[in-house]
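Work through the exercises below with the structure open. Try each task before reading its solution.

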Amino acid sequence: MNRENSKKIFEEAVKYIPGGVNSPVRAFKAVDTGPVFITRGYGSKIEDEDGNEYIDYIGSWGPAILGHNDERIVDGIENVIERGFSFGLPTKIEVEMAKKMVESYPGIDMVRMVNSGTEATMSAIRVARGFTGKNKVIKFEGCYHGHNDSLLVKSGSGTITYGVPTSLGVPEAIVENTLVCRYNDLDDVKRVFDEDDDIAAIILEPVAGNMGLIPADKEFLFGLRKLTEEKGALLIFDEVISGYRIAYGGAAEVYGIKPDMACFGKIIGGGMPVGAYAGRREIMEIISPEGGVYQAGTLSGNPVAMHLGLKSLNVLEKNSEIYSNMIEKAEMLEAGFKENIEKTGIRASIVRYRNMLTLFFGEGPFKNYDDVQRCDTKAYAKYFVEMLDRGIMLPPAQFECMFVSDALTREDIDKTIEANLEALKSLI
Ligand SMILES: *Cc1c(COP(=O)(O)O)cnc(C)c1O
């Protein structure tokens, strides 16, 4: 497959943009190849600068849940744009959006819109600290919550719970208040609570999608719910990926657990830059101008993003069969990949949770960050390029997820399973 134009644009890009991209994963470094520059998307497909077409399993990392450029969402956007993009003053559609989200998600009463998932988790943690009067936050190794200073940490060596920065430029003093535990390990969290009474919140992806796909065990989540209640800490679900994806009410609905706060992004902007954080009324009322926790945003809740987001949520709400259809499609991919793995004898496992999947080049079970670290990332890199050359756009790193969209067709699925077999064979 010829990707000359992408190559040329990238040569130009690296002159003006750090690494040639505006978000690191797009550089395709983890799969030892260069980035593909996209010109357009339609339904389940995207097209690159060389006119190559790909079946898209990135879906803008989730927002394109209905497929690209779905007319149900795009419809009427001209009218919105005609009126102006942003006023820095309130608009009615922000109220409709907030109401829609409150009605959709278990346990939340109020929502504040921001412009990214990063902002959502940053603000939620500030609120949790302001509300509880405590300082520390527990996060889990392998969960990603955006690029906030305080959350860019991994666990220190041995059993030490204190986080160490995973990025230059993050002062030790900032991550001192971030404690890092093992995902799906309730005892680890209990131990930390026994040692420390200054914990404001636990934040986690209830279905982890940033270390490859690892859903939380039910007992683990229920355990966290009970523990935080006992200890007076807040439980924050980061549903930036899982919200409106795995179900309309996210992981809170699927697991039947009400967190104290939840963070959103990706799908709720319908492709525009959006985030939101939400919680119970008594918690959210601490936010400025009502209360003492300051948080603001020039472009927050801007009408174009609200229009696309609200339309997306409306379609998902009114057509609940979309979820069962997506799950069925994901099941077909899972079954096909499984058969191919058996046929080829490749050391790989397919993990699926509802409409998300990861093909791990290693043997499960995958319960936490340490488990996935044993995967063969070189094999994934080769596999990725083989799939790309067959017109399948997978996430360009082992520790990411495939997102199934409503637009994915039976033909796309068959083609993907066929490509998967050939790609796996080429690895033998
Ligand atoms: C993508 C993501 C974020 C960050 O969202 P941005 O809009 O990229 O800032 C936060 N949490 C999770 C779980 C994510 O997947």
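**Exercise 1.** Find which elements cover the buried residues of helix 14.

*Solution.* The cover includes strand 3 (53–56), helix 12 (321–344), strand 16 (356–360), strand 17 (392–393) and helix 15 (410–427). Contact here means heavy atoms within 4.5 Å. Helices (H or I, at least four residues) and strands (E, at least two) are DSSP runs, numbered from the N terminus. The model is predicted: local features need pLDDT of at least 70, side-chain atom pairs pLDDT 80 or more, while totals for chains, interfaces and linings use all residues. Residues count from 1 along each chain as its sequence is written, and side-chain values use heavy atoms, without hydrogens or water.

Next, list the residues being covered. Ala-379, Tyr-380, Ala-381, Tyr-383, Phe-384, Met-387 and Leu-388 are buried (under 20% relative accessible area, 1.4 Å probe, protein chains only).

**Exercise 2.** Check the length of helix 14, then inspect its two ends.

*Solution.* Helix 14 has 13 residues (377–389). At 1.5 Å times one less than that number, the expected span is 18 Å. The end C-alpha atoms lie 19 Å apart, which agrees. At the start, a side-chain oxygen of Asp-376 comes within 3.2 Å of the backbone nitrogen of Lys-378. Just after the helix, Gly-391 has a positive phi of about 80°.

**Exercise 3.** Locate ligand oxygen atoms beside N or O atoms of Gly-117, Asn-210 and Lys-266.

*Solution.* For Gly-117, a backbone atom is 2.8 Å away. The side chain of Asn-210 gives 3.1 Å. For the side chain of Lys-266, the distance is 2.6 Å.

Technical notes
Buried < 20%, exposed > 50% of the residue type's maximum accessible area, 1.4 Å probe, protein only. Polar contact = N/O pair within 3.5 Å; in protein donor to acceptor, adjacent residues only side chain to side chain.
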